[in-house]
Amino acid sequence: MGYSVGAISAMNVENRILKPKYFIPDPWTNTPTDGSWWSHRIGTAISQAVNDNAQSRLSFSSMVSLILGLVRFSQPKHYGLYLKLALGSPGKSWRKALFLDLFLHDLHFCWLRSYKPNFSTVFFNAGAYIQHHYFFNARYAVRTNQENPDWYVKAKDDPFAEMLKIYDKILEDYLDSKDANVIIATGLTQVHYDRLKFYWRLRNHAEFLELLGIKFLRVLPRMTRDFLIEFETEGDALTAEGVLRKIFVRLVEGDFEGTPRQNGRSRETTSLFGEIDNRGKSLFVTLTWAENIHKSMEVVHDNGILKLKPQVVFVAIKNGMHAEHGYAYYQGEIKKFAPPDGTHVKEIYNAVMRYFKSKNI
């Protein structure tokens with residue numbers, strides 16, 4: 001539309017900008033950066049770090065890129081925060097997520113001031129991650145009888161409160177900017193679950209599909225349990241869907257807490273992939289098994305039986321789930337274009353466009 005645009009980690013957004021000031025996609029979206037050296041190095045590093053987080057794997061190249069990015073773009077006033085988060089992150093993965101959001105902010109704030117685009121957006125994911133995985137520990141925000149296991153997160157820890165403190169530091173920069181037109185919006189809000197729900201992720205998506213004998217072009221891991229499989233034909237996708245829908249987790253006596261005794265016999269129970277969306281030549285699949293997984297558990301499929309534990313990695317215990325109600329805050333001249341309370345989230349876009357139309361930029 002002729003406006004200059006910058007975007008960092010905008011959720012699910014493809015790069016269709018003709019001349020971006022800067023563009024780094026979110027870690028789960030396979031789309032090009034703006035092509036600059038910094039964007040390519042940092043975007044690749046972040047994608048690798050986030051997608052391999054469940055296996056605590058950070059490549060040497062990614063580590064070098066992130067260190068260089070920190071040296072180049074981090075604000076001196078945040079050095080102490082970075083150090084505190086880094087030193088306190090072993091065994092407390094939420095601090096790694098907060099570290100990344102703080103870095104994305106410093107990077108975005110630097111480029112926002114340097115390139116001065118007409119419109120810029122940045123998306124922070126640590127808040128959603130912390131609510132998903134540690135909401136039961138938010139003792140000043142949530143009232144629930146549910147408790148996370150001590151091996152997962154200590155009762156004295158409150159990741160939610162830590163998140164609020166870091167986000168206050170981030171928001172300070174934008175809200176203190178002179179004459180800034182700012183919109184702060186939640187992606188969604190969350191409410192807590194009424195039970196513990198385990199999240200698992202395939203260790204190697206392509207290798208697992210090959211073990212099942214599925215013919216595919218490529219597989220693209222998405223957030224946590226989700227992945228997208230692309231096929232050459234709709235027929236291949238339909239065949240693969242049939243295979244995936246018939247995969248069940250088989251429980252063995254004594255290997256699953258709370259499972260009734262079966263007199264030495266094993267039994268088939270829940271599907272491993274309970275959500276499969278056929279999109280023609282692709283399948284969007286979610287690994288929906290939500291209980292603990294022990295070493296003797298098996299998956300039964302057309303080509304035989306596989307031990308389940310070696311095929312997956314533990315991601316987290318789910319604490320929070322999405323709720324439709326959200327919030328948006330407007331500051332500056334853009335405020336007079338804000339829609340009334342209760343309108344659909346798409347009205348944020350319309351508010352932005354009405355603002356630009358009034359400026360004839």
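**Exercise 1. Decide whether Trp-111 is buried or exposed.**

Solution. Trp-111 has 6% relative accessibility. The cut-off for buried is under 20%. Trp-111 therefore counts as buried. Keep in mind that this is a predicted model.

**Exercise 2. Classify the ring pair of Trp-94 and Tyr-134, then place both residues in the chain.**

Solution. Start with the distance: the ring centres lie 5.0 Å apart. Pairing needs centres within 6.5 Å. Next, take the angle: the planes meet at 70 degrees. Over 60 degrees counts as edge-to-face, so the Trp-94 and Tyr-134 pair is edge-to-face. Now locate the partners. Trp-94 sits in helix α4, and Tyr-134 in helix α5 (residues 126-134). They are 40 residues apart, so this pair links distant parts of the chain. Both Trp-94 and Tyr-134 are buried.

**Exercise 3. Find which residues share one aromatic cluster with Trp-94 and Tyr-134.**

Solution. The cluster also takes in Tyr-129, Trp-151, Tyr-152, Phe-198, Trp-200 and Phe-314.

**Exercise 4. State how many aromatic pairs the structure holds, and describe the one formed by Phe-73 and Trp-111.**

Solution. The count is 23 aromatic pairs. In the Phe-73 and Trp-111 pair, the centres are 5.5 Å apart and the planes 80 degrees apart. That makes the pair edge-to-face. Phe-73 belongs to helix α2 (residues 60-73) and Trp-111 to helix α4 (residues 94-115). The two residues are 38 apart, linking distant parts of the chain. Phe-73 has a relative accessible area of 4%, so Phe-73 is buried.

**Exercise 5. Identify what lies over the face of Tyr-199.**

Solution. Arg-225 does, at 3.9 Å from the ring centre.

Key: Residues are numbered from 1 along each chain as its sequence is written. This is a predicted model: local features need pLDDT of at least 70, side-chain atom pairs count only at pLDDT 80 or more; totals for chains, interfaces and linings use all residues. Side-chain values use heavy atoms; hydrogens and water are left out. Rings of Phe, Tyr and Trp (its six-membered ring) pair if their centres lie within 6.5 Å; planes under 30 degrees apart count as stacked, over 60 as edge-to-face and the rest as tilted. Helices (H or I, at least four residues) and strands (E, at least two) are DSSP runs, numbered from the N terminus. Buried means under 20% relative accessible area, exposed over 50%, partly exposed in between (1.4 Å probe, protein chains only). A charge sits over a ring if NZ of Lys or CZ of Arg is within 6 Å of the ring centre and within 35 degrees of the ring normal.
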